[in-house]
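Ready to practise reading a binding site? Try each exercise on the model first, then follow the solution step by step.

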Amino acid sequence: MEYSPLRAQHPYVLSASPVRRKLALFGIMLVLWVYVLYSCVGSCATVPSLRADRQRPEHAGLRSGIESRLVPRARGWEDYEQTGVGVFSRDLNNVNSDEGTNDRTFPRDGNDAETETERRRGGDAGGDTGGQTGGERRSPVHSGGLSTFSNGSGIKRLPQAIIVGVKKGGTRALLEFLRVHPDVRAAGAEPHFFDRFYDNGLDWYRDLMPKTLEGQITMEKTPSYFVTREAPARIYSMSRSTKLIVVVRDPVTRAISDYTQTLSKKPDIPSFESLTFKNRTTGLIDTSWSAIQIGIYAKHLDNWLQFFPMRQILFVSGERLISDPAGELGRVQDFLGLKRIITDKHFYFNQTKGFPCLKKAEGSSKPHCLGKTKGRTHPNIHPEVVQRLRDFYRPFNMKFYQMTGHNFGWD
Ligand SMILES: Nc1ncnc2c1ncn2[C@@H]1O[C@H](COP(=O)(O)OS(=O)(=O)O)[C@@H](OP(=O)(O)O)[C@H]1O
C-alpha cells in the first residue's frame with residue numbers, strides 16, 4: 001500500500017485522547033500567560049523605579065543625569081517670546097504687543113523658520129498660556145498635590161527656579177543655554193502665569209511644565225514678572241524657596257531694544273525720541289513709557305525684596321552673557337546647585353550673528369544660534385538722547401549696584 005501522509009495524520013488527530021487535548025490546551029494557556037506577564041513587566045517598570053528613587057535621594061542626581069539624556073526635550077523656542085505657542089494653538093493677536101513678539105520664526109541651526117507643526121510637536125514646551133483658556137486645555141490629573149501625570153518620562157512639577165526678568169535682558173539666551181544641562185528642564189513658551197493667567201490656578205500652571213525625573217530642576221522664564229507688582233507675593237505663596245534669576249542689561253540699550261521690538265511689529269509708532277520725552281525742550285523723561293519704566297531696576301527689586309531675601313535672587317549680567325557666556329552660566333549653575341557641566345566648550349562665537357551660539361543644541365548635534373528676533377539691529381538714536389537717558393538712569397543704577405552688591409558697569 002502506498003504511503004499517504006494525509007491518511008497517516010488524520011487518524012492520529014481524530015484519535016487523540018482527551019488527556020492529550022487537555023495537555024495541548026494547557027500548553028497554549030501557559031504560553032499566553034507568559035506573554036501577558038512579559039507585557040505587564042515592560043509597561044509598568046517605570047512606576048516602581050520612580051518610587052524607589054524618592055526613597056533614595058542620594059542616587060537621584062546620578063540617575064536623572066543619565067536618564068534625562070533619554071528624555072526628549074523641545075528645542076529652540078526663542079521666538080515664542082512672552083507669547084509662545086506651545087503644544088496648543090493660540091490666537092496670536094490676543095497677545096499684548098508691547099511684550100510679546102508675534103514673530104513665529106524659529107531659525108533652527110541658525111537659519112530657517114520652524115513650522116507650526118514642529119512647534120506643536122515640541123513635547124515638553126508646556127504650551128503657551130495666552131491662547132489657552134482654562135476650558136480649552138485638558139485638566140490635569142491630580143496625584144497628591146505634588147505632581148500630575150506620571151509615566152515613563154517623569155512627572156510634572158511646579159518650577160523650583162524662575163527667570164523673572166528683565167524683558168530684552170537676554171532671558172531667552174540664558175534659558176536656551178541652561179537647558180543644555182541634563183538636570184534642567186524648562187517650559188519652552190513663556191507661561192505668564194504670575195502676571196496674566198494667575199486665575200487659572202496652580203494645576204493649570206504645573207500642566208504647562210515639562211516632565212522631570214527626580215533631581216532635575218523645572219524652570220520657566222517670563223521676563224514681565226520682574227515688573228509685575230503681584231508677582232513676588234504670588235511666587236512666594238507657591239513656594240517661598242523658589243530661586244529667582246534676573247538677567248539685567250544696561251537700561252538704556254534695553255529701552256532701545258524694547259523699542260526696536262515694538263517697531264518691528266508696528267512700524268508706524270512715533271520715534272524713540274518722541275516717546276522718551278514728556279517735553280523735548282525741558283528734557284523731562286516720560287517714565288510712564290514702559291520701555292523707560294522697566295529699566296528702573298532698583299524700584300522693581302524693592303518689591304521683590306519684600307518677599308525674598310537677596311541670597312535667593314541671582315542677577316545675571318546681560319552684557320557678560322554675550323561676552324563670556326560660560327562664565328555667567330557657571331554662576332547660574334552654582335546658584336541652582338547644579339554640577340558645572342555647561343562650560344566654554346559648549347559655545348562658539350558666530351561672526352555672522354555677532355553673538356555666542358551653542359556648538360550643539362540640546363538634543364541635536366548641530367550648532368544652534370538664537371533666532372532672528374534676538375540680536376536685532378537697533379535704530380540710531382541721537383547721542384544727546386542717549387546721554388540724557390544715561391543721566392536719568394544713573395542714580396537708579398547706583399542704587400541697584402548698592403542693593404545687589406554688584407557694579408554692572410553701565411555708567
Ligand atoms: N547668544 C545670544 N544670541 C542672541 N541674542 C542674545 C544672546 N545673548 C544675549 N542676547 C540678547 O538677548 C536680547 C533679547 O533678550 P530677551 O531674550 O530677554 O528678550 S525677550 O524679553 O524675551 O523678548 C537681544 O536683544 P537685541 O540685541 O536688542 O535683539 C540680545 O542682545
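**Exercise 1. Locate G169 and decide whether it is buried or exposed.**

Step 1: G169 sits in the loop between strand 3 (161-165) and helix 6 (171-178); helices (H or I, at least four residues) and strands (E, at least two) are DSSP runs, numbered from the N terminus.

Step 2: The relative accessible area of G169 is 4%, so G169 is buried (buried means under 20%, exposed over 50%, partly exposed in between, with a 1.4 Å probe and protein chains only).

Step 3: Leaving out residues up to four places away in sequence, G169 touches V247, R249 and G318 (contact means heavy atoms within 4.5 Å).

This is a predicted model, where local features need pLDDT of at least 70 and side-chain atom pairs pLDDT 80 or more, while totals for chains, interfaces and linings use all residues. Residues are numbered from 1 along each chain as its sequence is written, and side-chain values use heavy atoms, without hydrogens and water.

**Exercise 2. Do the same for G375.**

Step 1: Look in the loop between strand 12 (355-358) and helix 15 (383-404) to find G375.

Step 2: G375 has 43% relative accessibility, so G375 counts as partly exposed.

**Exercise 3. Find polar contacts of the ligand.**

Step 1: In the side chain of S257, an N or O atom is 2.6 Å from a ligand oxygen (a polar contact is a pair of N or O atoms within 3.5 Å).

Step 2: A ligand nitrogen lies 2.9 Å from a backbone N or O atom of P356.

Step 3: For R376, a backbone N or O atom is 3.0 Å from a ligand oxygen.

Note on methods. A polar contact is a pair of N or O atoms within 3.5 Å; within protein, one must be able to donate a hydrogen and the other to accept it, and residues adjacent in sequence count only if both atoms are side-chain atoms.
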